[in-house]
Amino acid sequence: MVESISIYGYNNIPRKMKYHNSGNYYQDFLNKGDRIIIPKLAQYKNREIGIAITQYTEENAADKSGNSIMFELDSNSRKIYLKANSSKQNDNSNVFSVVVVYTDTPIYEVVKDKNVYFDIPLNFHITNTKSSFLIRTEGLTRLVNTDLYTGFSMNNTGDLQVDGAREFRGRLITTNESPFWVYQVKGPGSYLGSYFGYDFFDKFIKVPYYPEYSPPLIKGHESTDTKFVASFTINQALPLTYDNLYPDNLNIYIEDTKDIIKDIDKHELIIKDQDGKDITNTIDVSMDKVGDKKIKLKLNNSCLKKLANNMITIDISFKSFKIDTLEKQYNEKSNKYEIPMSVYNERIIDDKKEKSEVNSANAILTPGLYGEPIPTSVAIKSSTDDLDPKNLVENIYSAFPGDSVKVVGFKNKVIFNELRNYTVDVEIASTKTPLLTKLINVPISVTKAQIVTSEYFENQTWLINEINQQFASKNKRIDDNLDMNDLLEITTISNKKGASFSGEYIPKNIKSLKNLQILELKDKNLDGRLPDELGNLTKLNKLSISGNSFSGGIPKSLADLKGLEYLDLNNNGLIEIIPPGLEKLPKLKQVYLNKNKLVGVIPIFDLGPFLNFDISETQLTYNDKISPFFINTSSQYQQTFVAGANSLSLTSVKNLPITDMGTKIRPFDSTNEGFLNLHAQKSDQSKIELYPGHTFKILNKKSGKVLYDGPSNEKIEIVVDSDANYQVIMDDADKNSNNITEFETKLREYKFSEVPKNLSLDLKLGELDYQPVKISSEDSLSIFDNRLNARWQLKVRASELKNKNRIMLGSYFYKLKDKIPQEIPKNTFKTIEIGQSEPTLGTINLSNEWNGKQGLFYKQVNIGNYKGSYTGQLEWQLVDAPTGG
C-alpha cells in the first residue's frame with residue numbers, strides 16, 4: 001500500500017507526509033540524508049526486504065520546490081516521483097542511492113548479498129527542450145535503456161547524455177551504496193535551470209531480457225472463531241517484457257512442509273489481479289498435485305503475456321488435516337495451532353529450470369469451543385449444587401476436527417437466596433486439548449418454591465406416605481402445603497417393616513431429596529427400572545434395596561455417589577454388566593450384588609479393603625486365573641465364572657461334523673448344524689442357561705483370526721473349515737479358563753475298521769487247557785473311534801463248532817491281561833472288552849494284543865470229542881458305552 005511508504009530523516013526519525021487533495025498525492029521536501037523506505041517488496045531467507053532511496057543533495061534554499069518528492073495515490077502502481085531543479089552547469093543537483101534493505105525492523109539494515117537486487121523500472125524526463133543532462137553510470141550494476149529513441153549518446157567517460165525534452169525509459173539495478181548522479185551540462189540552447197524528474201516503478205517500462213520472477217510472497221491468516229481453516233495469501237509479481245522474452249512456463253509451488261494437510265489437492269482457490277478482480281476462471285492456469293505434500297500452479301506462456309505488468313494474488317485455504325501431525329503444531333502458550341506453508345516459483349525456458357528462493361509463513365488456527373445456554377428456573381434457597389451443569393448447556397461442539405467437548409462443571413458455587421435473576425458460569429473444555437476451555441453464561445431465574453404434588457412423585461404411594469409421615473408433626477402434606485424446599489429436610493428413608501409395595505417403583509423425582517443419606521427398601525416387591533436419577537442423591541452413604549424385582553441394569557449414575565459406603569442390590573433380578581465407575585467410589589466398603597443376572601468382567605475395585613463383597617450366584621467373571629484380591633471369602637464368588645471351587649464354566653458342543661472347507665454355520669441358531677449350544681456348567685456337570693448380555697469371541701485357535709466378536713445372535717453366520725480347532729471366549733476374559741470353551745470341525749465316529757475273515761484252532765483230543773484262537777497275518781480285529789472323551793463296548797456271539805456228523809463239545813473264552821477268562825455263551829452276545837476312544841489316532845487294533853496270555857481262546861470239555869475238521873461263526877458287535885460306566 002502507498003501508505004506504507006515512509007520518509008526518515010538523517011536522524012532516523014520518521015516524518016509524516018502532507019496529503020494534497022487537489023492533486024491526489026503526498027508531498028514532502030527532502031533534506032540531505034533523508035531516506036525513502038519502500039517496505040515489504042519481497043522476502044529473502046524468510047525476512048522482509050525492500051528499498052531505501054537516500055537523498056545526498058543539499059536543499060535549494062532559493063526554491064524549496066526544487067527538491068521534492070510526491071507519491072501517486074494509486075496504491076497498485078506504487079509509483080514514486082522525484083522532482084529536481086538544476087540551475088548551474090555541472091551542478092550535481094540530484095544525487096541519490098538505491099539499495100536493498102531489510103524492512104522487518106526499524107534499523108533498515110543493508111542486505112550485503114550482491115546476488116539480491118531489485119530490477120527497478122525508471123523513467124527519467126526533462127521539461128525543457130534546450131536542456132541536456134548526464135547520467136553517471138559508474139558504480140551502477142545495470143542501467144538499461146528499453147526505448148531506443150534518438151537524443152541519447154554516451155560520452156567518453158561512459159556517462160549517458162539525455163538531450164532536450166526526452167524521456168529515458170529503462171531499468172536500474174544497484175546492489176551497493178554508490179550514488180546515482182545526474183547533473184546538467186550545456187545543451188543545445190545553453191539553457192540552465194531546468195526541471196527534471198524520475199518516475200520509479202513505472203509499470204509501463206518493459207524488461208529487455210528474460211524476466212527474473214521475484215520469489216512469491218506468502219502470508220498466513222488467523223482463523224476466525226467459527227472456522228477451523230488454514231488460509232494463505234500468495235503474491236506473485238509478473239513483469240512486463242517483450243513477447244519473445246516470456247518463459248515457456250512459470251510454476252508456483254505451494255508446499256506443506258510439515259505434512260499436516262490431508263489431501264492437499266482438496267482446497268479452495270481464488271486468483272485475483274492487482275485491481276482485486278477475480279480471474280480464477282478467466283485465465284488458462286492448471287493446478288496439479290506433486291506427491292503428497294505439494295501442489296503446482298502452472299502459468300503458461302500465453303497466460304504470462306496476458307497477466308504481464310501485474311501483481312496477482314492467490315488466496316488458498318485448506319479444511320482437512322492429518323490429526324496426528326496437526327496436534328504436534330499446538331502452541332500451549334497461545335492455545336492455537338501453527339500451520340507452516342512454503343512457496344517458491346520455477347521459471348522454465350527451453351526445458352531449463354530456474355528456481356527462486358523459498359518463502360514461508362504460518363496460518364494460525366484457533367480451536368474454538370461453542371455452546372448455548374439453557375435458561376433455567378430454580379426455587380429460592382437452592383444452589384448450583386442442586387443443578388446438573390450438563391442440563392444447562394446445549395449445542396456444544398469444537399471446531400477442531402475429531403474433537404469433542406465435555407462439560408466440566410460450574411466455575412463457582414452460587415446460592416440462590418433472593419427472588420431475582422442470576423447468571424452462573426458453566427465451564428466446557430476440549431477433550432483433545434484440555435487447556436482449551438470456555439465459560440457459558442447461563443441465565444437463572446429464582447422463583448418461590450412450588451407445592452409438591454402426588455403427580456410429581458408419579459403417584460407412588462410408598463414414597464408419598466413416607467414423606468407425609470415425616471412431616472406429620474409440622475402439619476404438612478403433599479398436595480396441600482408441603483413445598484420443594486421442605487424436601488431438603490429429608491435425610492433418611494428406612495422401611496424395614498414387612499410392608500409390600502407390589503406394583504410400585506422408585507420414581508425419577510426421588511432426586512429432589514437432595515440431602516438423603518440413607519435409602520433402605522428391603523424385600524418390598526418393588527419393580528420397574530432403577531432410575532438414573534439415583535445418581536443425583538450425592539449425599540447418599542447407604543443404598544440398601546435388595547429383595548425386589550427390578551428390571552434393567554444397575555444405573556451408571558451410581559458412580560456419581562462419591563460418599564456411598566454401603567451398596568446392597570442383591571436378589572433384584574438386575575441384568576447386564578457392572579457399570580464402570582463404581583470401582584472408583586472412594587468410601588465404598590460393603591457391596592452386595594449377589595443373586596442377580598449380572599454378566600461380564602468385574603472391574604478392579606482397588607480402593608478397598610472391603611468388609612464384604614458378594615457377587616455369588618451371578619454370571620460375573622474376573623479376567624484372571626485366580627480370584628479377585630478384593631473378595632476375601634470364596635463363598636462370596638461361588639456359582640460365578642470367577643476361578644475357584646464351585647465355580648461355573650463355559651461349555652459347548654465339542655465337535656461339529658464339518659467335512660468341507662469354507663462351510664457357513666450359525667453358531668447361535670439351534671436349528672443350524674453349526675449350533676454350539678453354549679451353556680454354563682456347574683461343578684457337578686449340570687448345565688444352566690446363560691443370562692442375556694454376554695459377549696462371545698469366536699476365533700481360529702491356530703491362526704488367531706477372529707470370526708465373530710459380539711453378543712449372541714441367531715442370524716450371525718461365520719465360515720469354518722473342516723478339521724480345524726476353534727475357541728470361544730466369553731466376555732473377553734481370555735485369562736480365565738472358565739470363560740473359554742473349544743470346539744472342532746471334524747467328523748467323529750466309531751465303527752469296525754476290520755474284522756477277521758478267518759480264525760483257526762489247533763486242538764488235540766484230551767487237551768483241556770485254554771487254546772488260543774489264531775488270526776492270520778492278513779487279518780485283524782480293529783475298531784475306529786476318534787470321538788472326544790467317548791467309550792466303546794466290543795461284543796461277540798459264537799456259534800457251535802460242527803462237522804458233518806458231530807458237534808465239538810467246549811466253549812469260547814475271552815481273556816484280558818491279568819484277568820480271569822470269561823466264557824462266551826453260544827448264540828448270545830457277550831461284552832468282552834470296553835475301551836476309550838482315540839481322538840488323535842482313531843484306529844485301535846485289538847488283535848495286536850492277542851497272544852498266549854490274552855485274547856480269544858477255546859476250551860474243550862473232558863470227554864466226547866472226536867477227531868475231524870470243525871467250523872463255526874463269530875459275530876462281532878460294537879456299541880457306545882456310557883462315559884460314566
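Set aside the neighbours within four places in sequence, and Thr843 is in contact with Ser753, Ser782, Ile783 and Phe784. Keep in mind as you look around that this is a predicted model. Thr843 belongs to strand β65, which covers residues 843-845. Is this threonine buried or exposed? Its relative accessible area is 42%, and because that value falls between the 20% limit for buried and the 50% limit for exposed, Thr843 counts as partly exposed. Another residue to find on your screen is Asn786: 57 residues separate Asn786 from Thr843 in sequence, yet their C-alpha atoms lie 7.7 Å apart in space.

Now step back to the whole chain. Of the contacts between residues at least 6 apart in sequence, 66% join residues at least 24 apart. The chain holds 67 strands and three helices. Of its 885 residues, 48% are buried. The accessible surface amounts to about 44300 Å², and carbon and sulfur atoms account for 46% of that area.

With so many strands to explore, let us pick out one sheet. Four strands form an open sheet in the order β18-β19-β24-β21, and their pairing is antiparallel. Which strands sit at the edges? They are β18 (217-220) and β21 (268-272), each of which pairs on one side only. On average, neighbouring strands in this sheet are turned by 15° against each other, direction ignored.

To finish, zoom in on the β18 edge. β18 runs antiparallel to β19 (residues 230-238), and four bridges join the two strands. Here you can find Ile218, which stands opposite Ile234 in β19.

Key
Residues numbered from 1 in each chain as written. Predicted model: local features only at pLDDT ≥ 70, side-chain atom pairs only at ≥ 80, totals over all residues. Heavy atoms only, no water. Buried < 20%, exposed > 50% of the residue type's maximum accessible area, 1.4 Å probe, protein only. Contact = heavy atoms within 4.5 Å. Areas by Shrake-Rupley, 256 points an atom, 1.4 Å probe, with all protein chains shown as cover. Pairing = 2+ DSSP bridges. Axes fitted to C-alpha atoms, helices over the stretch in contact; angles between N-to-C directions.
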